[in-house]
Amino acid sequence: MLNAVIASGGSLMTTLVMFVVMLGLLYFMMIRPAKKQQKDYNDMLSKLSVGDEVVLRSGLHGVISEIDSQKNTVTLDAEGIYLVFERGAIMTIVSHNQQAATPSDPAAKDLAGAEKGSAEPIASEPTDETKDSEN
């Protein structure tokens, strides 16, 4: 009878050790990486600034035009349309604080000149010259 108690105790000890090992693996394989990922995400949200280009969880791309810390919201400029979202709706930051190049930068001057030279007038509205030629 004593041998049966010792044998069952040994298997109980083995079961407890295996259970503790499994909990340890669960922690290091799932819980710890999830906590690190959540910390990185919160750090990214704390570094948001006006002018950052972001992508929302819904896939919408926009530029941050205003941040309201009290309401925990951001206002996005999506091609002239201003939308207010919760800060947590932001998935990633595409680029930080896009600012216009300074005019003293020669490369910016060349680029600006090239853009102005390649721009063509919009043909949807008639100009004064076309109005005169129609009459």
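Is Asp40 buried, partly exposed or exposed? In this predicted model, Asp40 counts as partly exposed, at 40% relative accessibility. That residue is a handy way into the chain, and the rest of the picture can be built up around it.

Start with the overall layout. The chain has three helices and five strands, and going along the sequence they come in the pattern α-β-β-β-β-β-α-α. So the strands follow one another between α1 at one end of the pattern and a pair of helices at the other. Of the 135 residues in the chain, 16% are buried. The exposed surface adds up to about 10,900 Å², with carbon and sulfur atoms supplying 61% of that area. As for contacts, among those with a separation of 6 or more, 41% are between residues 24 or more positions apart.

Back to Asp40 and its surroundings in α1. The salt-bridge count for the model comes to two. One of them joins the side chains of Asp40 and Lys36, with 3.4 Å from N to O. These two residues sit four apart in helix α1, so about one helical turn separates them. Lys36 is exposed, at 55% relative accessibility, while its partner Asp40 is partly exposed at 40%. The other salt bridge is between the side chains of Lys39 and Asp43, again with 3.4 Å from N to O. Here too the partners are four residues apart in helix α1, which puts about one helical turn between Lys39 and Asp43. Lys39 comes out as exposed, at 52% relative accessibility, and Asp43 as partly exposed, at 30%. In general terms, side chains of opposite charge can pair when their charged atoms come close.

Next comes the sheet. The five strands make an open sheet in the order β4-β3-β2-β1-β5, and the pairing is antiparallel. The edges are taken by β4 and β5 (90-95); each has a single partner strand, so one side of each is left without a neighbour in the sheet. Direction aside, neighbouring strands of this sheet are turned by 45 degrees against each other on average. As a rule, strands of a sheet pair through backbone hydrogen bonds, either parallel or antiparallel.

Some of the pairing can be followed residue by residue. Five bridges hold β2 and β3 together in the antiparallel sense, and Val63 has Asp77 of β3 as its bridge partner. On the β4 side, β3 also runs antiparallel to its neighbour, this time over six bridges. Asp77 turns up again here, with Tyr82 of β4 as its bridge partner. Asp77 therefore links up with Val63 and with Tyr82.The loops flanking β3 each hold a residue with an unusual-sign backbone angle worth a look. Asn72 has a positive phi, near 60 degrees, and is not a glycine. Asn72 is found in the loop between β2 (61-68) and β3 (73-78), and at 38% relative accessibility it counts as partly exposed. Glu79 is another non-glycine residue with a positive phi, about 55 degrees. Glu79 belongs to the loop between β3 and β4 (81-86). In the hairpin of these strands, β3 and β4, there are two residues between the strands. With a relative accessible area of 83%, Glu79 is exposed.

What does the largest nonpolar core consist of? Its 11 residues are Tyr41, Met44, Leu45, Leu48, Val54, Leu56, Ile64, Val74, Leu76, Ile90 and Ile93. Two or more residues come from each of α1 (2-46), β1 (53-56), β3 and β5. The biggest share is from α1, with three residues. In soluble globular proteins, nonpolar side chains tend to be buried together.

Met44 is a good place to see how this core reaches across the sequence. Neighbours within four places in sequence aside, Met44 is in contact with Ile90, Met91, Thr92 and Ile93. Ile90 and Ile93 are themselves listed in the core alongside Met44.

Key
Residues are numbered from 1 along each chain as its sequence is written. This is a predicted model: local features need pLDDT of at least 70, side-chain atom pairs count only at pLDDT 80 or more; totals for chains, interfaces and linings use all residues. Side-chain values use heavy atoms; hydrogens and water are left out. Buried means under 20% relative accessible area, exposed over 50%, partly exposed in between (1.4 Å probe, protein chains only). Contact means heavy atoms within 4.5 Å. Accessible areas come from the Shrake-Rupley method with a 1.4 Å probe; for residues, only the protein chains shown count as cover. Two strands pair if DSSP finds at least two bridges between them. Axes are lines fitted to C-alpha atoms, for helices over the stretch in contact, and angles run from 0 to 180 degrees between N-to-C directions. A nonpolar core is a set of buried Ala, Val, Leu, Ile, Met, Phe, Trp, Tyr and Cys residues joined through side-chain atoms within 4.5 Å. A salt bridge is a side-chain nitrogen of Lys or Arg within 4 Å of a carboxyl oxygen of Asp or Glu.
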